[in-house]
Amino acid sequence: MRSAPGSIVFEDVSLDYRIFHDRTVTLMDTLLNLFGRRTRTERLRALDGASFEVSPGESVALVGPNGAGKSTTLKLLAGIFEPSEGRVSVDGRVASLLDLGVGFHPELTGAENLYLNGALLGLDRASMRDLIPGIAEFAELERFLDTPVKYYSSGMFMRLGFSMATACDPDILLVDEVLAVGDASFQKKCYDRIYGFKGTGRTIVFVSHDAEAVLRLCERAVWLDRGRVLKDGPAAEVLSAYLSDASSRHVPAGVSPREWGTREVEFVRVMLLDGSDAPASTFRPGAPITVRADLRTRFPSGVDGLVFGFSICRPDGEQIVGVNNLELNQPLISFRDTARVDLKISLDALEPGSYLLGLALTDPVAGKDYHWQDWFYPILLLGERMEPPVRLREAFWTVRSSSS
Amino acid sequence: MTGNWGLMLSGLAAKELKVRYKRSLLGFTWFLLKPLFQTAVFAVVFTRIIRFGGSLRHYALFLFTGLLVWNFFSSSISAATTSLLDNVRLIRSIRFPRAALPASSVAANAVHLMLSLLVVEALLLAYGHYPPVSVVLLIPALALLLAMTTGLSLMVSVWNVYYRDVSLLLEVLLLAWFYASPVIYPLGQGMLPPSIEAALRFNPVSGFLEAVQSLLYFGRTPPTWSWISMVCWSAVLLAGGLAVFRRSEPAVVKEL
């Protein structure tokens with residue numbers, strides 16, 4: 001098979017880890033094993049026959065819940081792991097932004113660390129000498145190159161790591177959520193450099209939980225779940241499929257969905273719809289979110305005065321919005337047996353990204369919690385790229401004093 | 001990208017040396033101070049207290065010569081044992097031949113060995129221990145020593161990833177190994193019962209100690225058995241080390 005620099009072939013790849021239930025495995029365990037006692041080790045299949053290809057110049061995002069095999073895939077592409085089965089072929093020079101600045105030794109100065117890192121990457125002192133001014137300039141650390149890196153702030157450390165990793169003109173860039181570091185202006189600079197790579201036809205493989213960043217950087221996304229490729233296609237399509245998938249509710253690290261209550265009144269089915277009544281989990285700016293809920297009650301006489309609330313939380317569980325029809329002076333809900341209720345939510349997404357929608361059915365008068373679904377429905381709120389970025393509101397000219 | 005071995009080894013070894021002597025007042029001179037102190041202690045113990053080394057002329061110089069070789073061997077192995085564990089994040093974030101990590105521990109200690117051999121040679125000359133013409137044989141002997149130590153370092157670095165006991169066990173083992181090696185006593189001087197002496201020749205480091213002591217301290221060509229021992233042990237341990245490392249590398253990276 002012919003391949004050009006920047007192409008990636010991932011063919012039927014599986015990778016097993018050994019996991020220990022008791023993390024400390026000692027010689028004693030092995031000796032005991034010889035006499036028939038088994039240590040409880042287990043194989044964990046991180047990737048299970050995953051296949052995809054990337055052509056030179058493509059930007060591909062890997063999405064999926066934690067433990068889906070995204071980072072393992074990046075490590076295979078970086079050549080750090082070897083597949084247990086299958087074939088990984090990567091053509092061209094690879095720069096991996098998997099963990100920034102890790103090769104740096106705290107006692108050595110910035111420059112010494114750069115030379116050492118270069119040596120590990122196969123760059124001799126002469127080529128490093130040529131690269132260092134550019135690296136230092138990008139990291140804004142020219143004045144600190146002779147300072148041991150243990151005196152660096154974590155931001156400085158990361159900046160140096162990022163500049164080093166991207167300095168060597170790669171064909172393929174592997175990025176693993178490292179950009180969540182550093183101050184906002186440096187983050188922007190990092191993204192700009194990555195977009196720059198994209199502009200010059202470099203291949204990018206990007207792992208991020210930040211759906212917004214994925215959509216901005218990648219045209220294509222590969223959805224991994226439990227080590228398999230579930231869907232591969234246009235980024236927006238794959239992302240919204242992923243986010244609306246029930247099994248991927250554990251969106252980012254943090255909270256997991258939970259359900260509780262007496263269930264005397266309960267949600268039977270809930271659908272999220274966009275402005276044109278199509279099922280969705282990705283919402284464009286200004287588009288309302290419609291929650292279509294089918295409710296059922298076990299009270300023979302039906303419910304009277306049901307309170308239907310919702311919450312919107314950050315992926316870490318922090319609640320941002322939490323209201324109900326009672327608080328907003330909207331009619332309470334009464335029905336017998338079943339009902340379909342549409343809850344229409346209009347939001348201003350000041351900070352686009354992924355959020356978790358929660359729903360609740362309560363009766364505050366009776367003091368009853370019927371059915372709560374906390375952090376239950378992942379939604380992705382897209383932001384608007386403001387164009388122009390500054391809009392003139394008003395301007396006034398006033399002459400305060402004048403001499404004639 | 002396989003990397004450039006020379007570049008990587010010198011880079012990593014230089015780092016190890018720089019880091020070791022950063023913030024130390026005496027800095028690099030420690031490479032000499034350590035064996036000097038050891039020599040002083042052993043010399044006092046074995047000439048004043050146990051009265052054992054008295055029969056050797058300039059017993060302290062004999063000790064010093066052997067200690068340099070032994071220190072190189074034991075420090076390299078100890079440093080290599082934890083070299084993979086100490087660099088977990090590095091190993092798991094960039095791709096490079098990981099064998100460079102244990103190998104660089106050996107390289108860093110080799111720098112110490114070469115420098116201190118120059119010093120010991122100057123002392124030996126000053127006390128009238130002139131080397132024979134065959135002193136050039138020191139070069140192949142040291143090359144073999146490097147090979148054997150590297151092989152063993154590769155092995156222990158891998159094993160220690162699987163079993164942390166290895167580094168602890170090695171500490172004890174090296175102590176016993178030290179006394180089972182002709183550092184504080186010479187072989188072939190009739191100081192030990194013949195049966196014990198014959199057994200000690202199978203010790204992997206005996207041949208090397210014998211060769212270096214013969215060339216530098218005794219001023220004679222090393223005996224044949226020492227060459228056989230050096231060649232065999234370095235071949236076996238280097239080949240074994242490379243095989244172990246190559247076979248376990250993919251698994252070790254995941255295990256770390």
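What radius of gyration would a compact globule of 256 residues have, and what does chain B have? For 256 residues the compact-globule value is near 18 Å, and chain B comes in at 19 Å, so the two agree. Keep in mind throughout that this is a predicted model.

**Figure 1. Chain B is built from helices, with zero strands.** Count along the chain and you'll find ten helices. Read from the N terminus, the order is simply α-α-α-α-α-α-α-α-α-α. Along the principal axes, the C-alpha atoms take up a box of roughly 55 × 45 × 35 Å. As for long-range packing, take the contacts between residues at least 6 apart in sequence: 78% of those in chain B join residues at least 24 apart.

**Figure 2. The surface and charges of chain B.** Here 52% of the 256 residues count as buried. Chain B still exposes about 11,200 Å², and carbon and sulfur atoms supply 71% of that area. On the charge side, there are 19 positive and 9 negative charges in chain B. Average each set's positions and the two means end up 6 Å apart.

**Figure 3. Chain A brings helices and strands together.** This chain has eight helices plus 19 strands. Of its 404 residues, 48% are buried. Chain A exposes about 20,400 Å², with 50% of it coming from carbon and sulfur atoms. Among chain A contacts with a separation of 6 or more, 70% involve residues 24 or more positions apart.

**Figure 4. The largest nonpolar core takes in residues from chain A and chain B.** This core has 126 residues. Which members touch the most others? They are A:L114, A:L160, A:L174 and B:F73. On the chain B side, helix α3 (residues 59-81) gives the most to this core, supplying twelve residues. Apart from this core lies another one, made of 31 residues, including A:L100, A:A165, A:A211 and A:W223. For background, nonpolar side chains tend to be buried together in soluble globular proteins.

**Figure 5. A close-up of A:L174, one of the residues that touch the most other members of the largest core.** Set aside the neighbours within four places in sequence and see what A:L174 is in contact with. One group is A:L74, A:L77 and A:A78. A run of partners follows: A:V94, A:A95, A:S96, A:L97 and A:L98. A:V205 completes the list of contacts for A:L174.

How values were computed
Residues are numbered from 1 along each chain as its sequence is written. Chains are lettered from A and ligands numbered from 1 in the order in which they are written. This is a predicted model: local features need pLDDT of at least 70, side-chain atom pairs count only at pLDDT 80 or more; totals for chains, interfaces and linings use all residues. Side-chain values use heavy atoms; hydrogens and water are left out. Helices (H or I, at least four residues) and strands (E, at least two) are DSSP runs, numbered from the N terminus. The radius of gyration is taken over C-alpha atoms; the globule rule is 2.2 Å times the number of residues to the power 0.38. Buried means under 20% relative accessible area, exposed over 50%, partly exposed in between (1.4 Å probe, protein chains only). Contact means heavy atoms within 4.5 Å. Accessible areas come from the Shrake-Rupley method with a 1.4 Å probe; for residues, only the protein chains shown count as cover. Lys and Arg count as positive and Asp and Glu as negative; His and the chain ends are not counted. The place of a charge is taken as NZ of Lys, CZ of Arg, CG of Asp or CD of Glu. A nonpolar core is a set of buried Ala, Val, Leu, Ile, Met, Phe, Trp, Tyr and Cys residues joined through side-chain atoms within 4.5 Å.
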